[in-house]
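Subject: Structure for your review

Dear colleague,

Please find below the structure that I am handing over to you. My notes on what was found in it follow directly after.

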Amino acid sequence: MKININEIPEYGLSLDVHEEGSVLNERAGGTLDFSFLAPVTSHIEITKQGRSFFITGDIKTSLRLVCGRCAKEYDYDYDAPFSAYYERVGKGEKEQELHPEDLEVNFIEGDELDTADLLLGQIVFELPMQPLCSENCKGLCPKCGADLNLGDCGCKPEEKAETKAGSKFAKLKDLKIK
Ligand SMILES: [Zn+2]
Ligand SMILES: [Zn+2]
């Protein structure tokens with residue numbers, strides 16, 4: 001949904017937004033390490049002051065994430081509040097105005113605020129770098145690659161303690177021997 005920021009009244013704007021998951025998947029152009037299982041619904045409130053726009057709201061959707069330890073896909077109900085600060089800039093002005101302290105600032109070029117970009121950005125920002133299927137996920141054995149959540153693989157503890165790089169090396173060694 002595109003909001004014409006010129007039409008945001010002085011007293012602010014409050015609205016419900018609905019974006020199809022498929023649209024957001026597409027918008028991200030295959031760069032996401034998760035996918036949307038459901039539409040994204042959000043209630044947002046926008047207040048403005050001159051060229052500045054402050055947006056708060058909540059986002060609800062359902063995601064399919066990949067566990068950072070065991071690489072298994074799992075479903076995740078996303079439900080989180082957010083707040084974002086936007087500043088309106090003229091076309092091409094963005095680069096010149098970007099200072100390190102502006103990293104928390106988003107920019108609106110032109111007259112339109114695209115809620116698909118807004119919601120996608122907030123979700124990507126909010127998700128953990130390493131999502132876990134469960135707090136206690138045991139991950140994969142670095143030696144043999146077995147899913148340790150399904151039971152012990154029989155490797156010795158010191159082999160399991162190997163780093164990821166070490167496990168690759170171990171696999172190479174195995175291949176050479178074969
Ligand atoms: Zn896991
Ligand atoms: Zn193992």
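The buried residues of helix 3 (115–126) are Thr 115, Leu 118, Leu 119, Leu 120, Gln 122 and Ile 123. Here a residue is called buried if 20 or more other C-beta atoms lie within 10 Å of its own, exposed if 12 or fewer, and partly exposed in between, with C-beta atoms placed from the backbone. Helices (H or I, at least four residues) and strands (E, at least two) are DSSP runs, numbered from the N terminus.

Please note that this is a predicted model, in which local features need pLDDT of at least 70 and side-chain atom pairs count only at pLDDT 80 or more, while totals for chains, interfaces and linings use all residues. Residues are numbered from 1 along each chain as its sequence is written, and chains are lettered from A and ligands numbered from 1 in the order in which they are written.

Overall composition

The chain contains five helices and eight strands, in the order β-β-α-β-β-β-β-α-β-β-α-α-α. It has 178 residues, of which 14% count as buried.

Helix 3 and the nonpolar core

Helix 3 has twelve residues, which at 1.5 Å a residue should span 16 Å, and its end C-alpha atoms are indeed 16 Å apart. The expected span is 1.5 Å times one less than the number of residues.

A nonpolar core is a set of buried Ala, Val, Leu, Ile, Met, Phe, Trp, Tyr and Cys residues joined through C-beta atoms within 7 Å. The largest one has eleven residues, among them Phe 36, Ile 59, Leu 63, Leu 118 and Ile 123. Strand 5 (52–66) and helix 3 are the elements that give two or more residues to this core, and helix 3 gives the most, with four. Leaving out residues up to four places away in sequence, Ile 123 touches Ile 59 and Tyr 78; such a contact requires C-beta atoms, placed from the backbone, within 7 Å.

The strands around strand 5

Two strands are said to pair if DSSP finds at least two bridges between them. Strand 3 (residues 35–36) runs antiparallel to strand 5 and is joined to it by two bridges, with Phe 36 opposite Leu 63. Strand 4 (residues 40–49) also pairs with strand 5 in the antiparallel sense, over nine bridges, and Ile 46 stands opposite Ile 55. These two strands form a hairpin with two residues between them, where Gly 50 in the turn has a positive phi of about 60°.

Strand 5 is further joined to strand 6 (residues 73–89), antiparallel, by 15 bridges; Lys 60 has Asp 79 as its bridge partner in strand 6. This hairpin has six residues between its strands, and Ala 71 in the turn has a positive phi of about 65°.

Cys 141

Cys 141 lies in the loop between helix 3 and helix 4 (157–160). It counts as partly exposed because it has 18 C-beta neighbours inside 10 Å. Its contacts beyond four places in sequence include Cys 153 and Cys 155.

Confidence

The mean pLDDT, the predictor's confidence in each residue from 0 to 100, is 85 for the chain, and 83% of residues reach 70 or more. Among the elements, strand 2 (residues 13–19) has the highest mean, 96, and helix 5 (residues 164–177) the lowest, 48. Over residues 165–178 pLDDT stays under 50. Where pLDDT is low, the predicted coordinates should not be read in detail.

With kind regards

How values were computed. Two residues are in contact if their C-beta atoms, placed from the backbone, lie within 7 Å.
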